[in-house]
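Reader: I would like to learn how to read the features of a model such as this one, step by step, with the general idea stated before each case. Could we begin once the structure is in view?

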Amino acid sequence: MGDLEQYTPAPAYGAQIRKDGEKWTLILARELRHSPEKVWQALTEPAHLREWAPFDADGNLGTAGATAKLTTVASPKPHVTETRVTRADAPHALEYNWGDHNMRWELEAVGTGTRLTLWTNIGRPFIAMGAAGWHICFDVLDRLLSGTPLGRMVGGNAVKFGGWERLHAEYAKQFGIEPPNWPPQAAQK
Amino acid sequence: MKIKVTTLHVYDQDKALRFYTETLGFTKKNDFSQGPYRWLTVASPEDPNGVELQLALNNNPAAKAYQQAIFQQNQPAIMFFTDDIKGDYERIKGRGAEFTMPPTDVTGSTIAMLKDTCGNLVQLTQLAKW
């Protein structure tokens, strides 16, 4: 599982939300210490996604028109949805759907690294949860590409992790929404 | 091994949450989302650590076909037990629920049936005291 015990997520940062009526979009940007080509591979290849993403893909996501099944990982029941890649401009832009969530990724070379930006629509009740979850996923991704993996931390495994509640509350505060009530008291042991 | 969670398919999770909490009186227990997936459960305030009812979004064609078929046959998708079916009937009706069967004596119990607003019939049962 790598150096999980030494991992403390940074405070909430790099997130914006855009509101279009009831439709809210999370925009999360990160500077990764790796080239766009390397990051592209991690975003599109099933064997790489399996190391950091909140879903498994049964096919490569790197070609426009490609379809694959995405399966949630570490959720109480696996949830499978069909996706279709609508844009794949390697190593710059990638778009596909995850169920009813649109996933739009942009990769921009910055020095020897990559500025990675994710746009995804998430309902207001869960947008802070989504930001906290992707925050941790991006940390896991950056360490993975550095060859010092933390181990995938998604779904229930992310929630159990000690830094979760703080991060979730910080994003909720930044977005001006009510503080999260997850996990429920009974689950805190 | 214990029976801890049972799943009910609903076509709208927000609407189902309102029905099962505000109309029926259960309490929200778990509400967690991961991408398009939402794990939503309610429990009875009379048994908060008892069996949880998962309100699962019905996006599965097989489950949809089953749900619609049993609804058309007037079959309940789920059954709850109460010690006061007449009182519950009045209270739940007062909150706007649509009953398809008022409390009715049957062998060994009194039952009532109502719509959950999300594609299911719910049966309330009070066992007869012998």
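Reader: Which residue just after H3(B) takes a positive phi?

Author: That residue is B:Gly96, whose phi is about 100 degrees. Before going further, note that this is a predicted model, in which local features need pLDDT of at least 70 and side-chain atom pairs count only at pLDDT 80 or more, whereas totals for chains, interfaces and linings use all residues. Residues are numbered from 1 along each chain as its sequence is written, and chains are lettered from A and ligands numbered from 1 in the order in which they are written.

Reader: How are helices and strands defined, and how many of each does chain B have?

Author: Both are DSSP runs numbered from the N terminus, helices being H or I over at least four residues and strands E over at least two. Chain B has 3 helices and 8 strands, and along the sequence they follow the pattern β-α-β-β-β-α-β-α-β-β-β. The radius of gyration of chain B, taken over C-alpha atoms, is 15 Å, close to the 14 Å that the globule rule (2.2 Å times the number of residues to the power 0.38) gives for 130 residues, so chain B is as compact as a globular protein of that length.

Reader: Which residues of H3(B) are buried, and which are exposed?

Author: A residue is buried if 20 or more other C-beta atoms, placed from the backbone, lie within 10 Å of its own, exposed if 12 or fewer do, and partly exposed in between. In helix H3 (residues 85–94) of chain B, the buried residues are B:Ile85, B:Tyr89 and B:Ile92. Viewed down the axis of H3(B), these buried residues fall within an arc of 80 degrees, so they line one face of the helix; the arc is that of the directions from the helix axis to the C-beta atoms. The other side of H3(B) has B:Gly87, B:Glu90 and B:Gly94 exposed.

Reader: What covers the buried residues of H3(B)?

Author: Contact is the idea to use here, two residues being in contact if their C-beta atoms, placed from the backbone, lie within 7 Å. The cover includes helix H1 (13–23), strand S6 (99–106), strand S7 (109–115) and strand S8 (121–127) of chain B. H3(B) lies across S6, S7 and S8 of chain B and runs at about 175 degrees to S6(B), where axes are lines fitted to C-alpha atoms, for helices over the stretch in contact, and angles run from 0 to 180 degrees between N-to-C directions.

Reader: What is the strand order in the open sheet of 4 strands?

Author: Two strands pair if DSSP finds at least two bridges between them, and on that basis the order is S5-S8-S7-S6 of chain B, with mixed pairing. Its edge strands are S5 (78–81) and S6 of chain B, each of which pairs on one side only, and the twist averages 20 degrees from one strand to the next. S6(B) and S7(B) are antiparallel over 5 bridges, B:Phe99 having B:Leu114 in S7(B) as its bridge partner.

Reader: Why does B:Thr107 count as exposed?

Author: B:Thr107, in the loop between S6 and S7 of chain B, counts as exposed because it has 5 C-beta neighbours inside 10 Å.

Reader: How many residues of chain A are in contact with chain B?

Author: There are 16 residues of chain A in contact with 10 residues of chain B.
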